[in-house]
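Trainee: I should like to take a close look at one part of this structure. Please choose a single residue, describe its surroundings, and then connect it with the rest of the chain.

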Amino acid sequence: MIKLTKRQDEILQIVKENGPITGKEIAEKLSVTRAALRPDLAILTMSGSLDARPRVGYFFNDKLEVKRQAKKFIQQKVSDFKAHPIVVEKSTSVYNAIVQLFLEDVGTLYAVDTEGNLAGVISRKDLLRAALGNKNLQELPVSVIMTRMPNIITINSEETLLEAAKKMINFHIDSLPVVKEVNHKNNTYLLLGRITKTTITKSYLEFMEEK
Ligand code: ADP
């Protein structure tokens, strides 16, 4: 997708508000000659932003606009969308983790060590599995059932929502811990937040409604 010049953006705006509109009318609105606009109109129609019909004029192509907006949305940084992580200590019992899940109304909990570094991920299914096979959930620490480092898929604040979405889809997971690397060699990552499929979906709806 090409980046538009200021003039091309103005043309798009005019066609969006007034279309169908002839090239002559657009030129009048911009106080330029029809000839001066020709290259911009050619680019906009070739790129698919505008449709042109003989003797009727230029139309706005909604589909491409939606695509352009979606691209703008998905290229935003994780840092602007991350939510607070809901954490438990590694030694917390499975029973208390289940209670926490309900209290916080989330689908995933993160376990941290005493320094606040990410130690594990505990999802709904992890807790269900533990509950199925175990009578004493109050005695069983989450550290036994959680997904641990180095198997945790993480994201950092500077990555984009696109990268977050790809990771969640490719690894079949609902959320990603947002982390800052402390020491790569021994897998130490400070937990800063979380990003979920819901975060992305909800933010996308809000973003598109604003447009
Ligand atoms: P649910 O258990 O509700 O289906 P997920 O699909 O997120 O939720 O989790 C599926 C499995 O993947 C669980 O065992 C969970 O511990 C693990 N998991 C979840 N998030 C991550 C992650 N970011 N990195 C690695 N494993 C994860």
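Mentor: Let us begin with P85, which is found in the loop between helix 4 and strand 3. Here helices (H or I, at least four residues) and strands (E, at least two) are DSSP runs, numbered from the N terminus. This is a predicted model, in which local features need pLDDT of at least 70 and side-chain atom pairs count only at pLDDT 80 or more, while totals for chains, interfaces and linings use all residues. Residues are numbered from 1 along each chain as its sequence is written, and side-chain values use heavy atoms, with hydrogens and water left out.

Is P85 buried or exposed? P85 counts as buried, because its relative accessibility is 18%; buried means under 20% relative accessible area, exposed over 50%, and partly exposed in between, with a 1.4 Å probe and protein chains only. Which residues does P85 touch, leaving aside those up to four places away in sequence? They are Y110, L191, L192, G193 and R194, where contact means heavy atoms within 4.5 Å. P85 and I195 are 110 residues apart along the chain, yet 8.6 Å separates their C-alpha atoms.

Strand 3 (87-89) leads us onward to S93, in the loop between that strand and helix 5 (94-104). S93 is buried, with a relative accessible area of 8%. Beyond residues up to four places away in sequence, S93 touches L137, Q138, L140, P141 and V142.

On the other side of P85's loop is helix 4, which brings us to the aromatic rings. A search of the whole structure finds 3 aromatic pairs. Rings of Phe, Tyr and Trp (its six-membered ring) pair if their centres lie within 6.5 Å; planes under 30 degrees apart count as stacked, over 60 as edge-to-face and the rest as tilted. One of the pairs joins F73 and F81, edge-to-face, at 6.0 Å centre to centre and 75 degrees between the planes. F73 and F81 are both buried. F73 also pairs with F207: their ring centres are 5.4 Å apart and their planes stand at 55 degrees, so this pair is tilted. Because F73 lies in helix 4 (residues 62-74) and F207 in helix 8 (residues 197-210), the pair ties together parts that are 134 residues apart in sequence. F207 is buried, as is F73. Ring pairs link F73, F81, Y204 and F207 into a cluster.

Another buried aromatic residue is F60, with a relative accessible area of 18%. F60 is found in strand 2. Its contacts, not counting residues up to four places away in sequence, are L12, V15, K16, S49, L50 and E65. F60 and Q13 are 47 residues apart in sequence, and their C-alpha atoms are 8.9 Å apart in space.

Strand 2 (57-60) also borders a loop of interest, for R55 has its place between strand 1 (50-53) and strand 2. R55 counts as exposed, because its relative accessibility is 84%. Although R55 is not a glycine, it has a positive phi of about 65 degrees. D105, likewise not a glycine, has a positive phi near 55 degrees. D105 sits in the loop between helix 5 and strand 4 (108-112), and it is exposed, at 68% relative accessibility. Most residues other than glycine have a negative phi, and most peptide bonds are trans.

The model also has cis peptide bonds to note. The bond from G19 to P20 is cis, with omega near -5 degrees, and P20 lies in the loop between helix 1 (6-18) and helix 2 (23-30). The bond from M149 to P150 is cis as well, with omega near 10 degrees; P150 is in the loop between strand 6 (147-148) and helix 7 (161-170).

Finally, we may consider the whole protein, which has 8 helices and 8 strands. Its radius of gyration is 25 Å, well over the 17 Å that the globule rule gives for 211 residues, so the protein is more spread out than a compact globule. That radius is taken over C-alpha atoms, and the globule rule is 2.2 Å times the number of residues to the power 0.38. The C-alpha trace spans about 80 × 35 × 25 Å along its principal axes. Of the 211 residues, 39% count as buried. Among contacts with a separation of 6 or more, 56% come from residues 24 or more positions apart.
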